[in-house]
Amino acid sequence: MDKPKRLEMYLEQGDGCCNCHDYSIDGGPFEQEGVFVTQNVWCMACGAEWTNVFKLESIRDFKIEDREK
Ligand SMILES: [Zn+2]
């Protein structure tokens with residue numbers, strides 16, 4: 001099985017291509033399944049394709065309507 005050349009760097013920085021680090025990457029829609037979100041991504045520079053897997057880490061900007069009247 002092929003392995004991306006810059007996988008460790010990609011997992012730390014999360015940008016560019018995981019193989020050639022070019023920024024000519026494009027991606028499909030984000031698909032959520034529970035706490036995981038996946039996205040198919042491809043690089044137009046080297047032709048690599050992969051699926052990013054994101055996991056819910058936290059939330060922010062929580063608000064709730066005040067219903068006590
Ligand atoms: Zn690439």
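In which sense do strand 2 and strand 3 pair, and over how many bridges? In this predicted model, strand 2, formed by residues 31-33, pairs with strand 3 in the antiparallel sense, and 3 bridges hold the count for this pairing. A good place to follow this on the structure is Glu33, whose bridge partner in strand 3 is Phe36. Between strand 2 and strand 3 there are 2 residues, and in this hairpin Gly34 takes a positive phi near 65°.

With that hairpin located, the whole chain can be laid out. The protein has 1 helix and 4 strands, and reading from the N terminus the order of elements is α-β-β-β-β. Helix 1 covers residues 7-13, and a loop leads from helix 1 to strand 1. Strand 1 is made of residues 25-27 and pairs with strand 3, residues 36-43, in the antiparallel sense over 3 bridges. Within this pairing, Ile25 stands opposite Cys43 of strand 3.

Strand 3 also has strand 4 as a partner. Strand 4 runs over residues 49-55, and its pairing with strand 3 is antiparallel, with 7 bridges. Two of the residue pairs can be picked out on the model: Thr38 has Val53 in strand 4 as its bridge partner, and Val41 has Trp50 in strand 4. The hairpin of strand 3 and strand 4 has 5 residues between the strands, and among them Gly47 takes a positive phi near 85°. Strand 3 thus appears in each of the pairings described here, with strand 1, strand 2 and strand 4.

How well is strand 4 covered by the rest of the protein? Hardly at all: of its 7 residues, the count of buried ones is 0. Phe54, a residue of strand 4, offers an example to work through. Phe54 has 13 other C-beta atoms within 10 Å, so it is classed as partly exposed; a buried residue would need 20 or more, and an exposed one would have 12 or fewer. Leaving aside residues up to four places away in sequence, Phe54 touches Phe36 and Val37. Ser24, by contrast, is 30 residues from Phe54 along the chain, and the C-alpha atoms of the two are separated by 21 Å.

The overall dimensions complete this view. A compact globule of 69 residues would have a radius of gyration near 11 Å, whereas the protein has 17 Å. Along its principal axes, the C-alpha trace spans about 60 × 25 × 20 Å. Of the 69 residues, 7% count as buried. When contacts between residues at least 6 apart in sequence are considered, 22% of them join residues at least 24 apart.

Finally, the backbone holds two residues worth a look. Most residues other than glycine have a negative phi. His21, however, has a positive phi, near 65°, and lies in the loop between helix 1 and strand 1. His21 counts as partly exposed because 18 C-beta neighbours lie inside 10 Å. Asp61 also has a positive phi, near 60°, and belongs to the segment after strand 4. With 4 other C-beta atoms within 10 Å, Asp61 is exposed.

Definitions and conventions
Residues are numbered from 1 along each chain as its sequence is written. This is a predicted model: local features need pLDDT of at least 70, side-chain atom pairs count only at pLDDT 80 or more; totals for chains, interfaces and linings use all residues. Two strands pair if DSSP finds at least two bridges between them. Two residues are in contact if their C-beta atoms, placed from the backbone, lie within 7 Å. The radius of gyration is taken over C-alpha atoms; the globule rule is 2.2 Å times the number of residues to the power 0.38.
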